[in-house]
Amino acid sequence: MFSSKYTKYQLVVEKQETAIDHTKQLIQKSRQQLTDASKRQKVLELLETILVYKLSNLTRQEIEAMFTLDELKQTRYFREVAEEANVAGKLEGKLETVPLLLQLGLTVEQIAANLGVDIEAVRKVAEKSVDETPSE
């Protein structure tokens, strides 16, 4: 069983300044005391959830930099953030093609349908590209 003089529940009420060091201690203890990988992962996910709320003024990258741990990067939060970034990147890439597709003569509706993106997103990019086109 995971035991510690300092528990994960105390982390909830602790001041932000000391919470980071104590979290590192708890992570180290979980590595040492929990041989079951799934239990260790659950403890890490709980710690991560507490940290995300406690350190809400920090970015994901700042939190990740504090805890350069492979286990922390495998938690549900970081997997979901990575997936969201991947989806956002794909959408951004698709939307970057809109001006070119408009130049080729496709309509906003055709572009949205063929790229599988929301028509309003295509319209916004189309309007922005018209605004940025230098007048002759």
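Let's start with one residue: Lys24 sits in helix H2. Helices here are DSSP runs of H or I with at least four residues, strands are E runs of at least two, and both are numbered from the N terminus. Lys24 is partly exposed, at a relative accessible area of 38%. On this scale buried means under 20% relative accessible area, exposed means over 50%, and partly exposed is in between, using a 1.4 Å probe and protein chains only. Lys24 is also 23 residues from Leu47 in sequence, and their C-alpha atoms are 9.7 Å apart.

A word on the model itself. It is predicted, so local features need pLDDT of at least 70 and side-chain atom pairs count only at pLDDT 80 or more, while totals for chains, interfaces and linings use all residues. Residues are numbered from 1 along each chain as its sequence is written, and side-chain values use heavy atoms, with hydrogens and water left out.

How confident is the predictor? The score is pLDDT, the predictor's confidence in each residue, from 0 to 100. The protein chain has a mean pLDDT of 78, and 79% of its residues reach 70 or more. Confidence is lowest in helix H5, residues 70-73, with a mean of 59. It is highest in helix H8, residues 108-115, at 92.

Now the overall layout. How many helices and strands does the protein chain have? Nine helices and zero strands. Along the sequence the pattern reads α-α-α-α-α-α-α-α-α. The protein chain has 136 residues, and 32% of them count as buried. About 9400 Å² is exposed, with 53% of that supplied by carbon and sulfur atoms. Those areas come from the Shrake-Rupley method with a 1.4 Å probe; for residues, only the protein chains shown count as cover.

Next, contacts, meaning heavy atoms within 4.5 Å. Take the contacts in the protein chain with a separation of 6 or more: 53% of them join residues 24 or more positions apart.

Back to helix H2, residues 16-33. H2 packs with helix H3, residues 37-54, at an angle of about 175°, and the axes are 10 Å apart. Axes are lines fitted to C-alpha atoms, for helices over the stretch in contact, and angles run from 0 to 180 degrees between N-to-C directions. So H2 is roughly antiparallel to H3. The cut-offs: under 35 degrees is roughly parallel, over 145 roughly antiparallel, 65 to 115 roughly perpendicular, and the rest oblique.

Who makes that contact? From H2, the residues are Gln16, Ala19, Thr23, Leu26, Ile27, Ser30 and Arg31. From H3, they are Arg40, Val43, Leu44, Leu47, Leu51 and Lys54. By class, that gives seven nonpolar, three polar and three charged residues. Nonpolar covers Ala, Val, Leu, Ile, Met, Phe, Trp, Tyr, Cys and Pro; charged covers Asp, Glu, Lys and Arg; the others, Gly among them, are polar.

Look at Ser30 of H2. Is Ser30 buried or exposed? Buried, with a relative accessible area of 0%. Ser30 and Val43 are 13 residues apart in sequence, and 7.4 Å apart from C-alpha to C-alpha.

Moving on past H3. Leu58 is in the loop between H3 and helix H4, residues 60-66. Leu58 counts as partly exposed, at 23% relative accessibility. Not counting residues up to four places away in sequence, Leu58 touches Ile63 and Met66.

Last stop: helix H9, residues 119-132, where we find Val125. Leaving aside neighbours within four places in sequence, Val125 contacts Leu95, Val98 and Pro99. Val125 is 17 residues from Val108 in sequence and 9.7 Å from it in space, C-alpha to C-alpha. Ser129 is in H9 too. Ser129 is buried, at 16% relative accessible area. Beyond residues up to four places away in sequence, Ser129 touches Pro99 and Leu102.
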